[in-house]
Amino acid sequence: MNAKIQNDLSKKFSKGTIAIHWLTALLILILFPLGKYMTGLEPAEKMGLIKIHAVFGIIIFILTIIRSWLFFKAPRPADLKTDSKINDKLAVWIHNAFYFLLFGIAISGIATMVLGGYGEALSSGNSELIINREEILPLKGHGIMALILMLLFAMHVIGVIKHRIVMKENTLKRVL
Ligand code: HEM
């Protein structure tokens, strides 16, 4: 990669976008391990955790709706450039994929709550109303999309580190 290209890092994202960016990152880092942990528990053991998972997940859903609105309405700095067009396209593709995945994960999570009997189990306090996880189709999609999200999350972080080391640019300035 050519270290000569320098991006203008004085231009930042809007305050709302920055706040949502970090809050979403934090919630994802809680929700993914929590989701995986719940997988190994019996229904009766995980009622409280499901409630926390669903509430945090719905907060991410609402934040993603607001962030999508800001994407079109609030001024955004130009996309970062390197001397590799493929690299630049990949970065934009990953950023856009986050929005679609977060919507997909939230909607499949809500569908799991409804179709998997979680909603009824929580409102009645009867964990036996939760059906066998193998029979809950949206839960499969939920797990797969959450895994893809974490892979892209890792690539996103690697991209920041790569900019820092190879191009000597602290791209985090745009979201601080
Ligand atoms: C970014 C947001 C979210 C992430 C990263 C996430 C992640 C996960 C993961 C990794 C699992 C385990 C999947 C598996 O077993 O393969 C899971 C399970 C689950 N999630 Fe989410 N989730 C999110 C949002 C939501 C939302 C919004 C809801 C519902 C309102 C929800 C409801 C559930 C339910 C009901 C389960 C099944 C728990 C079980 O019985 O083990 N999730 N989630």
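These questions and answers walk through a predicted model of a protein chain with a ligand.

Residues are numbered from 1 along each chain as its sequence is written. Because the model is predicted, local features need pLDDT of at least 70 and side-chain atom pairs count only at pLDDT 80 or more, while totals for chains, interfaces and linings use all residues.

Me: How many helices does the protein chain have?
Reply: Helices are DSSP runs of H or I with at least four residues, strands are runs of E with at least two, and both are numbered from the N terminus. Along the sequence the pattern is α-α-α-α-α. Strands number zero, and the helices number five.

Me: What percentage of the residues of the protein chain count as buried?
Reply: A residue is buried if 20 or more other C-beta atoms lie within 10 Å of its own, exposed if 12 or fewer, and partly exposed in between, with C-beta atoms placed from the backbone. The C-alpha atoms fill a box of roughly 60 × 30 × 20 Å along the principal axes. Of the 176 residues, the buried share is 19%.

Me: Which elements give two or more residues to the shell around the ligand?
Reply: A residue is near the ligand if its C-beta atom, placed from the backbone, lies within 6 Å of it. The ligand is surrounded by 28 residues, the closest being Gly-35, Ala-54, Gly-57, Gly-109 and Gly-143. The elements are helix H1 (15-39), helix H2 (47-73), helix H3 (85-115) and helix H5 (137-166).

Me: How many residues of the shell around the ligand are nonpolar?
Reply: Ala, Val, Leu, Ile, Met, Phe, Trp, Tyr, Cys and Pro count as nonpolar, Asp, Glu, Lys and Arg as charged, and the others, Gly among them, as polar. The shell has eight polar and two charged residues. Its nonpolar residues number 18.

Me: Which helix supplies the largest share of the largest nonpolar core?
Reply: A nonpolar core is a set of buried Ala, Val, Leu, Ile, Met, Phe, Trp, Tyr and Cys residues joined through C-beta atoms within 7 Å. The largest has eight residues: Ile-28, Leu-31, Ile-60, Leu-102, Ile-105, Ala-106, Met-145 and Leu-149. H1, H3 and H5 each supply at least two of them. The largest share, three residues, comes from H3.

Me: Which residues does Met-145 touch, not counting those up to four places away in sequence?
Reply: Contact needs C-beta atoms, placed from the backbone, within 7 Å. Met-145 is one of the buried residues of H5. What covers those buried residues includes H1 and H3. Met-145 touches Leu-101, Gly-104, Ile-105 and Ser-108.

Me: How far does H5 reach from its first C-alpha to its last?
Reply: The expected span of a helix is 1.5 Å times one less than its number of residues. H5 has 30 residues, and its expected span is 44 Å. The reach is close to that, at 43 Å.

Me: Is Lys-168 buried or exposed?
Reply: Lys-168 sits in the segment after H5. Its phi is positive, near 55 degrees, in a residue other than glycine. Most residues other than glycine have a negative phi. Because Lys-168 has 9 C-beta neighbours inside 10 Å, it counts as exposed.

Me: Which residues does Gly-16 touch, not counting those up to four places away in sequence?
Reply: Gly-16 belongs to helix H1. With 15 other C-beta atoms within 10 Å, Gly-16 is partly exposed. Beyond the excluded places, it touches Leu-70 and Ala-74.

Conventions. Contact = placed C-beta atoms within 7 Å.
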